[in-house]
Amino acid sequence: MANASYQRIIDNLHCMNWTCIFLLACCSLATRAQSIEQPHLDFLKATAHLDLDPAQKTIEGTITFDIKVLQPTDSIFIDAKNLIDYQVSSSTHSSLTHGKNDAQLWIASRFRGSELATITLTFESQPSKAMYFIDTNLDGLWEQAWTQGQGKYTSNWMPSIDDMNEKMEWDIHITAPSDLQVIANGNLVERRILGDLSLWKYDMLQPMSSYLVAVVAGTYALKTELSTSGVPLDFYYYPQDSLKVAPTYQHSKEIFDFLESEIGIAYPWQNYKQIPVKDFLYAGMENTGTTLFDDQFVQDEIGVVDRSYVNVNAHELAHQWFGNLVTAQSGAHHWLQEGFATYYALLAEQQLYGRSHFYVNLYQQAELLEQQNNEGSTALLDPQASSLTFYQRGAWAVHALRELVGDQNFKKGIRDFLKTYAYRNATTDDLLQIMSQVSGKNLDTYKETWLVSDRFPSAVALQLLRKDLFMESYLQLLARRISSFEESYNSFKETLIAPIEKEMVLEMVRQLSLHNEPEKYDLLERAAATGDIEVRQLISLTAGVVNNNNKELISSLLLDDSYTTRENVLVLLWNAATDKASLLRTARKAWDSTNESLDMAWLTLAVNTTGFTDLDRTAFLGQLQEFTRPSYSTTTRQTAFDYLIALGYLDDQNYIDLYHAALHHNYRFYQYARNVINKQYKEAANRPLMDKVLELLSDSEQQKLKQVTDL
């Protein structure tokens with residue numbers, strides 16, 4: 001918005017004293033809120049040219065904004081943080097004055113109504129967040145870089161507009177070493193070799209909010225399929241993971257085809273890319289046409305049973321319509337993105353796994369929301385609501401709306417909503433107005449019950465669940481949780497009569513873990529005999545101990561196609577075994593493939609097994625200690641630290657790894673590491689080694705650690 005005092009200076013004094021205006025602007029800018037609304041401007045396009053250098057954790061580049069001036073103004077604000085240096089120029093305005101604070105740039109000139117202004121920024125930034133550089137061997141050269149704009153804002157590494165109501169077309173050109181694959185939003189229109197460097201040019205056709213800008217650089221291979229409608233589906237993977245592509249991306253085309261058909265609006269972007277990245281902040285992020293996800297979801301045919309990417313895959317894809325095509329106007333309407341993405345992911349899973357799977361998931365979400373009622377919940381329209389509220393309660397609100405207006409009206413309303421607000425922003429009332437027009441229903445009560453009330457409407461949700469015949473049977477079985485085994489026995493037996501519903505058997509197994517009667521073991525054997533890998537996994541998780549009644553059953557699970565099951569069974573059998581070393585040797589020899597979690601569990605047990613020589617156990621310990629290194633995922637490293645602390649075997653290198661973990665970019669991981677450091681340092685016996693290792697770090701690392709820990 002134009003500053004009235006500046007305009008009066010111009011109008012009344014008829015002068016262009018830009019030095020004076022610049023000083024006034026800098027004072028005003030320091031007090032302005034972040035992401036200033038500029039209704040007098042329309043940012044049409046951003047063309048960014050970026051240089052990525054693995055030897056640097058800075059970004060150099062230029063970015064040109066094409067801006068339609070809707071009303072005369074003397075100032076343009078651009079969000080820009082962590083700038084080391086910058087220059088401003090314009091091909092449309094020869095007289096410019098500019099300034100900045102820690103959050104924004106301010107550019108002054110006489111911008112006339114209806115004109116097209118072009119502003120070019122040449123900049124160097126040192127991102128503190130939103131762009132992350134992964135250096136796994138700590139040699140000062142990163143091997144992978146990736147961005148995360150939502151909640152962190154793209155302006156932390158590149159000048160942009162944080163206000164998600166400002167949408168523009170983004171074209172991104174990137175120069176990087178030729179041995180790196182570079183990926184960004186849009187269609188790759190050119191890759192040009194420039195000696196040891198390559199120039200990658202990505203072009204977008206439609207506008208989007210700046211937080212959805214994505215850039216990834218790393219070593220990748222690519223597999224591409226086409227959706228039924230002809231959209232390219234690009235599946236990126238690390239070259240060494242070629243055998244994991246099919247299990248990781250299982251059902252991807254089916255999910256895409258289903259959502260495009262179910263939503264009723266053609267996929268709105270040129271292509272759809274999915275890229276795994278190391279140590280990601282979340283499970284996944286739905287950048288426009290370019291989903292990034294944690295590479296821990298890259299699994300082989302066994303690992304996908306334990307950590308499937310399917311739900312994350314469907315959720316982030318649904319965001320391409322709900323969040324990217326139509327974006328919430330503010331945080332108060334965040335459920336229009338997360339609630340809808342969560343619900344449509346459930347619909348995709350229903351397509352894959354059946355109706356009972358869908359309804360049991362809804363029920364389990366309702367249980368969590370009822371618990372939140374008891375602990376203090378907030379309205380769905382509260383911008384400070386929890387993730388559980390935005391995602392799970394939001395999904396329930398979508399389901400309730402569909403049930404209220406009817407399936408046909410709901411689908412038409414969704415199509416009208418997405419068409420009306422395509423490439424724009426919308427509010428909850430915008431959606432409800434369309435749904436009311438389509439269905440002819442007054443939605444005031446719905447809004448009060450599901451969106452405005454602080455409490456999740458558990459009773460109403462239960463009524464909706466009971467409309468499904470399967471759920472009536474499932475709820476009757478759930479009621480057995482407080483019954484004795486004798487009272488529940490006949491219900492358990494009926495659960496195992498064909499046609500068998502997996503969800504019913506899973507609930508039965510959970511309840512059997514609460515009972516000690518010998519008759520339960522026959523039921524567990526019959527449940528395992530269904531061959532369902534999830535049922536067998538749950539049996540291993542809930543067994544508790546191995547005894548004469550279940551030893552044969554538990555032993556039969558040791559080679560199941562689930563690493564989690566194998567790990568659980570290994571620990572159970574080891575605890576019960578008389579010849580523990582023989583058990584461990586047999587298990588390791590029998591497994592045709594392993595994973596890091598299973599390896600660490602085996603090594604920890606072996607270190608504690610007297611049947612191995614001292615030399616063997618020392619070697620096993622050394623192998624376990626390697627898992628704390630930065631080349632492994634944060635999940636693996638945290639597990640390794642836990643094992644080593646329990647064993648009392650943290651050495652010099654482990655403490656170095658722990659210190660680096662405390663400075664990691666992932667919040668959950670660095671908080672964990674800092675807590676461990678504080679607990680370890682409280683033990684007087686640990687301090688000499690911890691102090692000695694601390695001196696091996698750089699001065700800046702030591703200073704940071706002392707600021708965030710008790711060292």
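Me: What makes the meeting of the side chains of Asp561 and Arg566 a salt bridge?

Reply: The N to O distance in this pair is 3.9 Å, and because a salt bridge requires a side-chain nitrogen of Lys or Arg within 4 Å of a carboxyl oxygen of Asp or Glu, the pair of Asp561 and Arg566 qualifies. The model is a predicted one, in which local features need pLDDT of at least 70 and side-chain atom pairs count only at pLDDT 80 or more, while totals for chains, interfaces and linings use all residues. Residues are numbered from 1 along each chain as its sequence is written, and side-chain values use heavy atoms, with hydrogens and water left out.

Me: Why is Arg566 called buried or exposed, and where does Asp561 fall?

Reply: Buried means under 20% relative accessible area, exposed over 50%, and partly exposed in between, with a 1.4 Å probe and protein chains only. Arg566, at 3%, therefore counts as buried, whereas Asp561, at 45%, counts as partly exposed.

Me: Which residues are joined into one network by salt bridges that share partners?

Reply: The network consists of Glu262, Arg402, Asp407 and Lys411. Within this group, the side chains of Asp407 and Arg402 meet with an N to O distance of 2.5 Å; Arg402 is buried at 9% relative accessibility, while Asp407, with a relative accessible area of 39%, is partly exposed. In total, the structure holds 25 salt bridges.

Me: How do you know that the salt bridge of Asp171 with Lys45 links distant parts of the chain?

Reply: Asp171 lies in strand β10 (residues 167-177) and Lys45 in strand β1 (residues 41-51), which places the partners 126 residues apart, although their closest N and O atoms are 3.2 Å apart. Strands here are DSSP runs of E with at least two residues, and helices are runs of H or I with at least four, numbered from the N terminus. Asp171 has a relative accessible area of 5% and is therefore buried, whereas Lys45, at 26%, counts as partly exposed.

Me: Why is α8 called oblique to α14?

Reply: The axes of α8 (residues 355-375) and α14 (residues 469-478) come within 10 Å and cross at roughly 50 degrees. Angles under 35 degrees count as roughly parallel, over 145 as roughly antiparallel, 65 to 115 as roughly perpendicular and the rest as oblique, so α8 is oblique to α14.

Me: What makes the contact of α8 with α14, by class?

Reply: Contact means heavy atoms within 4.5 Å, and here Ser356, Tyr359, Val360, Tyr363 and Gln364 of α8 meet Phe470, Met471, Tyr474, Leu475 and Leu478 of α14. By class, these comprise eight nonpolar, two polar and no charged residues.

Me: How do you know whether Leu650 is buried or exposed?

Reply: Leu650 is in the loop between α24 (634-647) and α25 (652-662), and its relative accessible area of 12% makes it buried. Leaving aside neighbours within four places in sequence, Leu650 is in contact with Phe641, Leu644, Ile645, Tyr655, Gln680 and Leu689.

Me: What makes α25 mostly covered?

Reply: Nine of the 11 residues of α25 are buried, among them Tyr655, Leu658 and His660. The buried residues of α25 pack against α23 (614-626), α24, α26 (667-682), α27 (687-694) and α28 (699-708).

Technical notes: Axes are lines fitted to C-alpha atoms, for helices over the stretch in contact, and angles run from 0 to 180 degrees between N-to-C directions. Ala, Val, Leu, Ile, Met, Phe, Trp, Tyr, Cys and Pro count as nonpolar, Asp, Glu, Lys and Arg as charged, and the others, Gly among them, as polar.
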